[in-house]
Amino acid sequence: MNNELLQNLDKLHTTPMGVARIRRNLGLGDDIPDVVVWCKKQIESKDADITRKGKNWYCMIGGCIITVNAYSYTIITAHKI
């Protein structure tokens with residue numbers, strides 16, 4: 001799939017609070033050293049289902065959904081489905 005989110009993966013980032021929120025919500029713990037890199041790999045997976053609704057991108061993959069702001073490419077949160 002060729003969409004705007006995939007074309008701008010190099011701009012993907014999050015805040016320190018975002019890192020903590022994603023780790024907590026997905027139960028990643030400290031075994032994943034870089035949450036942004038982990039999210040990028042999930043988003044660029046061929047199995048990812050990426051949709052845009054309003055100001056956010058939603059990526060569903062592997063039992064979780066990753067929410068990314070469509071303008072700033074900030075990873076807002078991630079949740080288990």
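**Entry 1: helix H2**

I began with helix H2 in this predicted model and looked up which of its residues are hidden, finding that Gly18, Ile22, Arg23 and Leu26 are buried. These residues cover an arc of only 130 degrees around the axis, so they sit on the same side of H2. A general point helped me here: an α-helix has 3.6 residues a turn, so residues three or four places apart point the same way. I then turned to the other side of H2, where Pro16, Met17 and Arg24 are exposed. When I asked what lies over the buried residues of H2, I found that the cover includes H3, S3 and S4. Just after H2 comes Gly27, and I noted that its phi is positive, near 65 degrees.

**Entry 2: the sheet**

Next I followed the strands, which form an open sheet of 4 strands in the order S1-S2-S3-S4, with antiparallel pairing. Its edges are strand S1 (49–53) and strand S4 (75–80), each of which pairs on one side only. I also noted how the strands are turned: neighbouring strands of this sheet make 20 degrees with each other on average, with direction ignored. Looking at one pair in detail, I saw that strand S2 (residues 56–61) and strand S3 (residues 64–69) run antiparallel to each other and are joined over 6 bridges. For Cys59 I looked up the bridge partner in S3, and that partner is Ile66.

I then placed the helices on this sheet. Helix H2 (residues 16–26) packs on the sheet by touching S3 and S4, and its direction makes about 10 degrees with that of S4. Helix H3 (residues 35–43) also packs on the sheet, but touches S1, S2, S3 and S4, and its direction makes about 105 degrees with that of S3.

**Entry 3: helix H3**

Which residues of H3 are buried? I found Val35, Val36, Trp38, Cys39, Gln42 and Ile43. Seen down the axis of H3, the buried residues fall within an arc of 160 degrees, and therefore they line one face of the helix. What these buried residues pack against is helix H1 (4–7), H2, S1, S2, S3 and S4. At the start of H3, I noted that a side-chain oxygen of Asp34 comes to within 3.1 Å of the backbone nitrogen of Val36.

**Entry 4: Trp57**

I picked out Trp57, which lies in strand S2, and asked whether it is buried or exposed. Trp57 counts as buried, because its relative accessibility is 7%, and the cut-off for buried is under 20%. Leaving aside neighbours within four places in sequence, I listed the contacts of Trp57, among them Asn3, Glu4, Leu5, Ile50, Arg52, Ile66, Val68 and Tyr73. Leu5 is 52 residues away from Trp57 along the chain, yet their C-alpha atoms are separated by 7.5 Å.

**Entry 5: the nonpolar core**

Last, I looked up the largest nonpolar core, which has 24 residues, and found that Leu5, Trp38, Ile43, Ile66, Val68 and Ile75 touch the most other members. H2, H3, S2, S3 and S4 each supply at least two residues of this core, and its largest share, 5 residues, comes from H3. I followed Ile75 further and, not counting residues up to four places away in sequence, found that Ile75 touches residues including Leu12, Ile22, Val36, Cys39, Ile66 and Val68.

Note on methods:
Residues are numbered from 1 along each chain as its sequence is written. This is a predicted model: local features need pLDDT of at least 70, side-chain atom pairs count only at pLDDT 80 or more; totals for chains, interfaces and linings use all residues. Side-chain values use heavy atoms; hydrogens and water are left out. Two strands pair if DSSP finds at least two bridges between them. Axes are lines fitted to C-alpha atoms, for helices over the stretch in contact, and angles run from 0 to 180 degrees between N-to-C directions. Contact means heavy atoms within 4.5 Å. Buried means under 20% relative accessible area, exposed over 50%, partly exposed in between (1.4 Å probe, protein chains only). The arc is that of the directions from the helix axis to the C-beta atoms. A polar contact is a pair of N or O atoms within 3.5 Å; within protein, one must be able to donate a hydrogen and the other to accept it, and residues adjacent in sequence count only if both atoms are side-chain atoms. A nonpolar core is a set of buried Ala, Val, Leu, Ile, Met, Phe, Trp, Tyr and Cys residues joined through side-chain atoms within 4.5 Å.
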